[in-house]
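Biologist: I'm new to this one and would like a close look at a single part of it. Could you pick a spot, walk me through it, and then show me how it fits with the rest?

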Amino acid sequence: MTPKVEIIQTYLRIKNKDCDIGNVLKSQINDLKELLVAYQKGIVKENSFY
């Protein structure tokens, strides 16, 4: 009697944070958070260009 072989395929979900674009987005989010803090502290003034 030959042994029974079962093949199981599994797929790993790749999240945005694990991709190159995820790293770019994370960096942009951190930059925006720093800008918000600077604005709240009055270091950066609101642009009245418009």
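Modeller: Let's start with K26, which is exposed because its relative accessible area is 56%, and the cut-off for exposed is over 50%. Bear in mind that this is a predicted model. K26 is found in helix 1. Look back along the chain to N16: K26 and N16 are ten residues apart in sequence, and their C-alpha atoms are separated by 9.6 Å.

Right beside K26 in the numbering is L25, also found in helix 1. L25 has a relative accessible area of 39%, so it counts as partly exposed, a label for values between 20% and 50%. Now try another look back along the chain, this time from L25 to Q9. Those two are 16 residues apart in sequence, and 31 Å lie between their C-alpha atoms.

So what about the helix that holds both K26 and L25? Helix 1 covers residues 20-40, which makes 21 residues. At 1.5 Å a residue, it should span 30 Å; its end C-alpha atoms are 31 Å apart, so the two values agree. After helix 1 comes G42, and its phi is positive, near 85 degrees.

Carry on past the helix and you meet V44, which lies in the segment that follows helix 1. V44 is partly exposed, because its relative accessible area of 31% falls between the 20% and 50% cut-offs. V44 also belongs to a nonpolar surface patch, together with L32, L35, L36, Y39 and I43. That patch comes to about 590 Å².

Now zoom out to the whole chain. Its secondary structure amounts to one helix and zero strands. The C-alpha trace spans about 80 × 20 × 10 Å along its principal axes. The radius of gyration is 24 Å, whereas a compact globule of 50 residues would have one near 10 Å. Of the chain's 50 residues, 4% count as buried. As for the accessible surface, it totals about 5,800 Å², and 57% of that belongs to carbon and sulfur atoms.

Notes
Residues are numbered from 1 along each chain as its sequence is written. This is a predicted model: local features need pLDDT of at least 70, side-chain atom pairs count only at pLDDT 80 or more; totals for chains, interfaces and linings use all residues. Side-chain values use heavy atoms; hydrogens and water are left out. Helices (H or I, at least four residues) and strands (E, at least two) are DSSP runs, numbered from the N terminus. The expected span of a helix is 1.5 Å times one less than its number of residues. Patches are made of residues with over 30% relative accessible area and no salt bridge: like charges are joined within 9 Å, nonpolar side chains (Val, Leu, Ile, Met, Phe, Trp, Tyr) within 5 Å. Accessible areas come from the Shrake-Rupley method with a 1.4 Å probe; for residues, only the protein chains shown count as cover. A salt bridge is a side-chain nitrogen of Lys or Arg within 4 Å of a carboxyl oxygen of Asp or Glu. Buried means under 20% relative accessible area, exposed over 50%, partly exposed in between (1.4 Å probe, protein chains only). The radius of gyration is taken over C-alpha atoms; the globule rule is 2.2 Å times the number of residues to the power 0.38.
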